[in-house]
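Trainee: Before I use any of the terms applied to this structure, I should like to understand the grounds for each of them. May we go through them in turn?

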Amino acid sequence: MNRLLIIGDLHEPFCLDKYLSFCKKLYRKKNCNRVLFIGDIIDSHYSSFHEQDPDGMSAGDELDLAIKKVKRWYRAFPKADVVIGNHDRIVSRKAFSAGVSKRWIRSCPEVLETPNWKFHESIHIDGVKYCHGEAKKGIQRAKADMVSNAQGHYHTECYVQWAVGDAFRVFGMQSGCGIDHESYAMAYGKHGPKPAIACGFVENGGRNDLDEVSVYPMAL
């Protein structure tokens with residue numbers, strides 16, 4: 001039986017330091033045996049499609065710091081599944097647009113130095129689809145695909161919502177995130193709602209009445 005911890009968007013190196021402690025504590029409390037990162041492990045602000053801060057770190061410095069901070073997560077969770085988020089693929093998207101063959105581009109595990117993490121565009125575990133979540137909210141995707149769905153991407157949302165019919169039930173989860181809202185890289189959202197600092201938990205895919213499907217907000 002999988003007892004899965006779902007870790008929200010990190011956007012390293014712009015993640016709250018205490019988010020790691022929170023996730024480790026919840027992993028122990030819920031007796032988890034599997035971990036999934038829901039995407040946007042790194043931010044890549046230096047190459048963002050959002051407006052870039054001219055006083056921010058250089059591309060090299062930001063990546064070096066991101067790798068250093070990701071190593072803390074790798075030490076805490078040396079085996080994990082990782083969904084690739086839109087920020088994780090920024091550099092490869094820009095390389096593609098510039099006509100650079102993918103044979104010149106290193107993979108995420110190589111860049112981030114996380115050889116035992118398995119990276120996916122999306123993944124199904126115990127009948128639940130896990131994806132980063134561009135384009136649709138969690139419950140919208142669950143209803144559209146008629147399969148339970150958990151995702152991140154929307155920093156200000158954490159919830160579990162069920163859709164129930166005569167012969168089925170599916171849930172949609174928004175996992176929240178771990179971002180530092182005060183960092184310069186998050187300036188594009190500073191006038192909107194504050195982020196929901198949280199992570200998710202799914203037991204056995206939520207297939208039975210007593211299986212837990214929850215999100216846990218972090219006290220700030």
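The discussion below takes up the overall fold, one helix and several backbone features.

Mentor: Please bear in mind throughout that this is a predicted model. Its protein chain has five helices and 11 strands.

Trainee: What makes the protein chain as compact as a globular protein of its length?

Mentor: The radius of gyration is 17 Å, and the globule rule gives 17 Å for 220 residues; the two values are close, so the chain is as compact as a globular protein of that length. Along the principal axes, the C-alpha trace spans about 55 × 40 × 40 Å.

Trainee: How much of the protein chain is buried, and how is that word applied?

Mentor: A residue is called buried when its relative accessible area is under 20%. By that criterion, 52% of the 220 residues are buried. As for the surface, the chain exposes about 11100 Å², of which carbon and sulfur atoms supply 51%.

Trainee: What share of the contacts with a separation of 6 or more joins residues 24 or more positions apart?

Mentor: That share is 67% in the protein chain.

Trainee: How do you know that the span of helix 2 is close to the expected one?

Mentor: Helix 2 comprises residues 59-76, 18 in number, and reaches 26 Å from its first C-alpha to its last. At 1.5 Å a residue, 26 Å is expected, and the span of helix 2 is close to that value.

Trainee: Which residues of helix 2 are buried, and what do they pack against?

Mentor: The buried residues are E62, A66, I67, K69, V70, W73 and Y74. Their partners include strand 1 (3-7), helix 1 (17-29) and strand 2 (34-37), together with helix 4 (108-112) and strand 4 (117-120). As a general point, an α-helix has 3.6 residues a turn, so residues three or four places apart point the same way.

Trainee: Why is N31 called exposed?

Mentor: The cut-off for exposed is over 50%. N31 has a relative accessible area of 55%, and is therefore exposed. N31 is located in the loop between helix 1 and strand 2.

Trainee: What makes the backbone at N31, D126 and P13 worth noting?

Mentor: Most residues other than glycine have a negative phi, and most peptide bonds are trans. Phi of N31, however, is positive, near 55°. Phi of D126 is likewise positive and near 55°; D126 lies in the loop between strand 5 (122-125) and strand 6 (128-131). The peptide bond joining E12 and P13 is cis, with omega about 10°, and P13 belongs to the loop between strand 1 and helix 1.

How values were computed
Residues are numbered from 1 along each chain as its sequence is written. This is a predicted model: local features need pLDDT of at least 70, side-chain atom pairs count only at pLDDT 80 or more; totals for chains, interfaces and linings use all residues. Side-chain values use heavy atoms; hydrogens and water are left out. Helices (H or I, at least four residues) and strands (E, at least two) are DSSP runs, numbered from the N terminus. The radius of gyration is taken over C-alpha atoms; the globule rule is 2.2 Å times the number of residues to the power 0.38. Buried means under 20% relative accessible area, exposed over 50%, partly exposed in between (1.4 Å probe, protein chains only). Contact means heavy atoms within 4.5 Å. Accessible areas come from the Shrake-Rupley method with a 1.4 Å probe; for residues, only the protein chains shown count as cover. The expected span of a helix is 1.5 Å times one less than its number of residues.
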